[in-house]
Each structure stands twice: as structure tokens, then as C-alpha cells.
Amino acid sequence: MTTLFRGGRVFTALGGFAEAVLVRDGVIAAVGDEADLVRQAPRHESVDLDGGLLVPGFTDAHVHPVQAGLERAKCDLSEVYGLDAYLGEVARYAAGHPDKDWIDGGGWDMSAFPGGLPHRSQLDFLDRPAYLIQRDHHAAWVNTRALERAGITKDTPDPPDGRIERDQDGTPSGVLHEGAMDLVGLLTPRPTAQDADDALTVAQEHLFSLGITGWQDAIVGSYAGSDDQLPTYLSAARSGRLKARVVGALWWDRTRGAEQIPDLVERRASAEGLERFRATSVKIMQDGITENFTAATLEPYCKCGGTGLSYVDPGKLKEYVRELDRLGFQVHFHAIGERAVREALDSFEGTDPANRHHIAHLQIIEPSDVPRFAALGVTANLQPLWATHHAQMDELTLPFLGEPRSSWQYPFADLLASGARFCAGSDWPVSSADPIQGVHVAVNRTEPGGSVHADYPTAQTPFLPGQRIGLAEALTAYTAGSAWINRSPAGVVEPGRPADLVVLDRDPFTLPESEIWTTRVRRTFVDGEQVYGD
């Protein structure tokens, strides 16, 4: 089958544009002027871009689709905001599911509560235990019944990698941070294999609707009350249900050490030979988040003191990373605070850049560490949607970071100027999976219209505007950059590449930068086959 994509412009992600693309049997055959391509293939089917832009399929370099799919089927708070709205959704869900033993789900935003903390009493109207994961997946909101079910009292100690939030008298208040989430989360009903399969199918459809044709699942393993997703991916890949190009980042259990590495090797081998799924990356979460003071910082937080948590001992971290590197694994770090970023970079000293290691989130980078990304061959994995003025940033982050640390956040332009390689992702369901919204923020450093924070008083005031990057650079990060990190053959538009392509309804390069967010996906193709659109 021969298809000509024509009637608009083509962004190649190779530093330029073209007029049309010719696809034969799922592979890009030629890129160039429409008239030339018609002469090469006088018999063809046409896809009319209708003035829009054709781009390579997006690859999300840090996302959690199975978890997202499961949460969409539970009590989903991600589409509303505020205590009254949350309680209304919880009440409706409970009334609609009278046979469920637990009310579980999540998506609540810390900024909706004073100090970022809900309370167990707010959920005590329920006749059963509740476990609701925070939007960032670094805390859970539970009610008194859930605490009682888990046997958590004022005498229960904090786990080494987490914290039980408490009232003044020491009674657990109903918020469990980081590793403390498992004290309740592991008691919630386990999804069946069919539940997980259905969740991946729903998630894949949603990602295709946003033009995402590949991704790296950033936690394939058991974490924060969720079950291991590896069997789900293996089943989907073997059956052909998985059409996207996926890499799984195998979870590094921070309660264990080097003794788990043979297990990781075995888990990687279980996916060998599969066309659509590989388990070639290892995910290490080195710290938490700034809003609950678990992000690892070099200097104490303002007002509250403390310097956060390093989940893996930095001295041992170097040993672990170098052994993973020797075995050919890619290492994918979560690092939010500037100390965690430095610890991750330190661990990459002496490793092989050919393994394509990367660090995700990068909220705070001490300026002297910025050039180390290029020097070490480490890719900066951006989640641009977070780099705006929004309630969580202005009310829960900036007051506790202080200066100059607040000005070190999400330094995209500095990283780019230093020669760092970029990839990009969403962290969905933590935030929207829509890459166009992420591109908008990378270019503008303001909230996209329609987002939950779009009407916040400072949402349209650029956040550290000197760290904006260009539209071409942002699109390249989400396409060629993320495909490269996954060793995917897609991600650029050139002959010989798979025809993973996305038709946008307009050309964002012709729009005012403030309107990039209005761009929508019309059609998505994988190997030349349409997987989304009319």
C-alpha cells in the first residue's frame, strides 16, 4: 500500500521541514516536494493534511499507562479541583459502587488543601476504608477506617523511606507520604490480570488519541500499592494487542541492594524477542518531591528545615549504577532536588554513554551541575508541564525553597545551551499526557488554556521566562529525543523509518506562541496504519 501525506507541512525532527511524505507498506519511502513524490508514485492513496502539520509520532519518555488506566476505572479525582468537588466525586463513586470493600483511586491536588494536607476526618462520612493517591503519587489520603484496618496508631513509627503525617497529639492525620503509603495501599483490593490488561488497552487508546506512538513506562514493578506491570506488557506484546513501541523501566527496590540485580537481568530476558516491548531500563527513584520536603536538597528547606531523603545511599548508588551499566542496562533516574540530581550525575561518572542513561524531572539543578549532563552523555528527561506558576508552585514550593534555589528550577534553556541532549515525557497520570500541552509550557512557561490551573492568578505570568526554549526544540524532544532514548526506529521523518506519524489540525509554527496549546491531533498512524482519527 502506498500513501501520500500532502496538503500541509511536515516537521521532520531533523532540523527542517518538508512538503510531503510518501509511505510504502508502513515505511517512509520518500520525503520532499509533493510533485516529485507524485511522479515517484502516481498510484497512491492520499492523506490530506488540510493545512495542518505532519510530525513524527510522539514518544513519552516517562509515563505510567497501566496505573493510569486502572485509576481511570476507580474513583478518579483528576478532572475536578477543590475539597467540595473531591468529596462530591467520592460520594458519587461510593453510592455507585455499594459492593466495593474499599473506596480507592486518586488524583487530588495538594494545593487544594491548607498546607497541602487533607485530613482523615473529611473522608469519615464513608462506611468503608478509603485510600486515595495524591496527583503526584507521593502521598495518599486515607480515612480513619483505613488507618484502623492497617493498625496504624500514634505509636506506629515512620518507615525509613516515608512519613506518617500526624495531628499535634501524634494521632495519624490521614496523609501517608512516600514509603508510608504501602502501610495501607498493600491492603487495598488487587486488580486482576484482566483488569490490568483492560487498563493498558484503555491507556493505549488514550495515548494514541494524543499522537503518542511509543513510551517508556517509568515503573515496571511493585510500588506505592501498585502491582508489577511486567506480566501485563508481556501478555499484550505476545498477543499483538500492544501496538505502540514500549520500553519498560524495571523498578529498583530501594529496600534491597545489589542482590536484586540478577532478578533484573532475568526480568529483562523475559521480554527478549518481543517486537513491541523491551525491559532494558532500570528505574531508580533517588528522592521524593519538594512539596512534602522529601526532595533531596543541598541546603535545608526554608521555614521547616531538613534536607529531604536520598532513598539509595549515595556511596552504594555508584556501585549499583556502574554494575547495571556494565550489564548493558539503561538507568532512568527520578531526581527532583538538587542533591538528588548531583547524586545521580555522580553515579554516572565512568559509565558508558552508549547505554543512554537519563534523569527525569530535574526540578532543581545547582548551576554548576548543568554542564555535567553533556560532559557525561546523560540525557535530560523533561516534564515541561510543571514549569509554570500554579497553586502548588506558588503556595507550597517557592516559600520553602527560597532564593537562589527557586531560580534553579527547570533550567531548560541553560541545559540546551550547555549541549545537553533532551527527551520529554508527561508522568501521566500525575499530569496530562498531552504532549502539545507540554510543548506549550516549554515554549511559554505559562499554563495552557483549559488546564486545572489555567485561571490561577499568576498562571499566565511566565515562570522563569529566561528558561524558555523554542518550538522546534520542544517538539524534537518529544519526538526524536524520546525515540532515541528508547532506541526506537521511529521519531523522525526520513526514508527507511517506520511510518509512525501524527496529523495535527493546524501548524503551531504559524500560531502566536500563546496559542500553541490549541493544537489538536486529528489522526495517528503506527507503521502506516491509522490507530486514531476519522
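Contact here means heavy atoms within 4.5 Å. Keep that in mind, and note that this is a predicted model.

Let's start with Ser209. Ser209 sits in helix α6, which covers residues 193–209. Its side chain reaches the backbone oxygen of His206 at 2.5 Å. And which residues does Ser209 touch, once neighbours within four places in sequence are left aside? Val521 and Tyr532.

Stay with α6. A pair of packed helices is described by two values, the angle between the axes and the distance between them. For α6 and helix α7, residues 230–239, the angle is about 65 degrees and the axes are 10 Å apart. The crossing is right-handed. On the α6 side, the residues are Ala196, Asp197 and Leu200. They meet Thr232, Tyr233, Ser235 and Ala236 of α7. By class, that contact has 4 nonpolar residues, 2 polar and 1 charged.

Now the sheet. It is open, with 8 strands, and the pairing is parallel. The order reads β8-β15-β16-β17-β18-β19-β20-β21. Which strands are at the edges? β8, at 58–63, and β21, at 422–424, each pairing on one side only. On average, neighbouring strands are turned by 25 degrees against each other, direction ignored.

Zoom in on one pair. Strand β17, residues 277–285, and strand β18, residues 330–335, run parallel and are joined by 5 bridges. Lys283 stands opposite His332 in β18.

Last, a helix on that sheet. Helix α15, residues 471–485, packs on it and touches β8, β15, β18, β19, β20 and β21. The direction of α15 makes about 100 degrees with that of β21.

Notes: Residues are numbered from 1 along each chain as its sequence is written. This is a predicted model: local features need pLDDT of at least 70, side-chain atom pairs count only at pLDDT 80 or more; totals for chains, interfaces and linings use all residues. Side-chain values use heavy atoms; hydrogens and water are left out. Helices (H or I, at least four residues) and strands (E, at least two) are DSSP runs, numbered from the N terminus. A polar contact is a pair of N or O atoms within 3.5 Å; within protein, one must be able to donate a hydrogen and the other to accept it, and residues adjacent in sequence count only if both atoms are side-chain atoms. Axes are lines fitted to C-alpha atoms, for helices over the stretch in contact, and angles run from 0 to 180 degrees between N-to-C directions. A crossing is left-handed if the near helix is turned anticlockwise from the far one by less than a right angle, and right-handed if clockwise. Ala, Val, Leu, Ile, Met, Phe, Trp, Tyr, Cys and Pro count as nonpolar, Asp, Glu, Lys and Arg as charged, and the others, Gly among them, as polar. Two strands pair if DSSP finds at least two bridges between them.
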